[in-house]
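Please look over the sequence and the structure shown here before reading on. The report is written for a reader who has not met this structure before.

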Amino acid sequence: MTGSSTQGIKTVLHPVSDLAAAKKVYAALLGVPPQADESYYVGFEAAGQHIGLVPGGGPQGMASPVAYWHVPDIEAKLAEVTAAGATVKEPAHDVGGGRLVATVTDPDGNVLGLLQDR
């Protein structure tokens, strides 16, 4: 172990087929309006969590929700988890505002997200 710990799961993205309908359901569930409301992404902040809605699974083709583990050093964590047997699905890349994201799959094919804020 390299000591590049996680800061916990703080972000969960959900692929949705109908963004307008999903936005209503998640607003009712979370009790807050979205903080980001675009045609390609709707994001909510509630109880220290970020919940995102991604129409059609976005360019990464998400087929199920993906939990993102927040990490201080995404490249170090990618190296650590791949050395332990994970496979990189989506390499680290900037999604705006200095936020880096990546996904890996565990040996059973489960998708795990990593997120680093700069």
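The report below goes through the sheet, its strand pairings, the helix packed on it, the salt bridges and a surface patch.

## The sheet as a whole

The model described here is a predicted one. Its sheet is open and has eight strands with mixed pairing, in the order E2-E3-E4-E1-E5-E8-E7-E6. The edges are taken by strand E2 (36-38) and strand E6 (87-94), each of which has a single partner strand, so one side of each is left without a neighbour in the sheet. On average, and with direction ignored, neighbouring strands of this sheet are turned by 20° against each other.

## Pairings around E1 and E5

Strand E1 (residues 9-16) pairs with E4 and with E5. With strand E4 (residues 49-55), the pairing is parallel and runs over six bridges, and in it Pro15 stands opposite Val54 of E4. With E5, strand E1 runs antiparallel, joined by four bridges, and here Ile9 has Trp69 of E5 as its bridge partner.

Strand E5 (residues 66-70) is also joined to strand E8 (residues 111-117), this time by three bridges between strands that run parallel. One residue of E5 to follow is His70, whose bridge partner in E8 is Leu115. His70 counts as buried, because its relative accessibility is 8% and the limit for buried is under 20%. When neighbours within four places in sequence are left aside, the residues in contact with His70 are Thr6, Gln7, Gly8, Lys10, Thr11, Leu115 and Asp117.

## The hairpins of E6, E7 and E8

Strands E6 and E7 pair in the antiparallel sense over five bridges, with Val104 in E7 as the bridge partner of Val88. The two strands form a hairpin with four residues between them, and in its turn Gly96 has a positive phi of about 115°.

Strands E7 and E8 are likewise paired in the antiparallel sense, over seven bridges, and Val101 finds its bridge partner in Leu115 of E8. Their hairpin has five residues between the strands, and Gly109 takes a positive phi near 90° there. Is strand E7 mostly covered or mostly uncovered? Six of the seven residues of E7 are buried, and the strand is mostly covered.

## The helix packed on the sheet

Helix H2 (residues 74-83) packs on the sheet, where it touches E6, strand E7 (99-105) and E8, and its direction makes about 5° with that of E7. Within helix H2, the side chains of Lys77 and Glu80 meet in a salt bridge, at 3.3 Å from N to O. These two residues lie three residues apart, which is about one turn of the helix. Lys77 counts as buried at 10% relative accessibility, and Glu80 is buried as well, with a relative accessible area of 14%.

## Salt bridges between elements

How many salt bridges does a search of the whole structure find? The search finds three, and the pair in helix H2, Lys77 and Glu80, is one of the salt bridges in the model. Side chains of opposite charge can pair when their charged atoms come close.

Another salt bridge is formed by the side chains of Lys23 and Asp37, at 3.0 Å from N to O. Since Lys23 lies in helix H1 (residues 19-30) and Asp37 in strand E2, the pair ties together parts that are 14 residues apart in sequence. Lys23 is partly exposed at 24% relative accessibility, and Asp37 is partly exposed at 41%.

Arg99 forms a salt bridge with Asp117, and the closest N and O atoms of the two are 2.7 Å apart. This pair links distant parts of the chain, with Arg99 in strand E7 and Asp117 in strand E8, 18 residues apart. Arg99 is partly exposed, with a relative accessible area of 26%, and Asp117 is partly exposed with 43%.

## A nonpolar patch on the surface

Ile9, Trp69 and Leu112 make a nonpolar surface patch of about 220 Å². Trp69 belongs to strand E5 and is partly exposed, with a relative accessible area of 32%. Patches are made of residues with over 30% relative accessible area, so the 32% of Trp69 lies above that limit. Ile9 and Trp69 of this patch are also bridge partners in the pairing of E1 with E5.

Notes:
Residues are numbered from 1 along each chain as its sequence is written. This is a predicted model: local features need pLDDT of at least 70, side-chain atom pairs count only at pLDDT 80 or more; totals for chains, interfaces and linings use all residues. Side-chain values use heavy atoms; hydrogens and water are left out. Two strands pair if DSSP finds at least two bridges between them. Axes are lines fitted to C-alpha atoms, for helices over the stretch in contact, and angles run from 0 to 180 degrees between N-to-C directions. Contact means heavy atoms within 4.5 Å. Patches are made of residues with over 30% relative accessible area and no salt bridge: like charges are joined within 9 Å, nonpolar side chains (Val, Leu, Ile, Met, Phe, Trp, Tyr) within 5 Å. Accessible areas come from the Shrake-Rupley method with a 1.4 Å probe; for residues, only the protein chains shown count as cover. A salt bridge is a side-chain nitrogen of Lys or Arg within 4 Å of a carboxyl oxygen of Asp or Glu. Buried means under 20% relative accessible area, exposed over 50%, partly exposed in between (1.4 Å probe, protein chains only).
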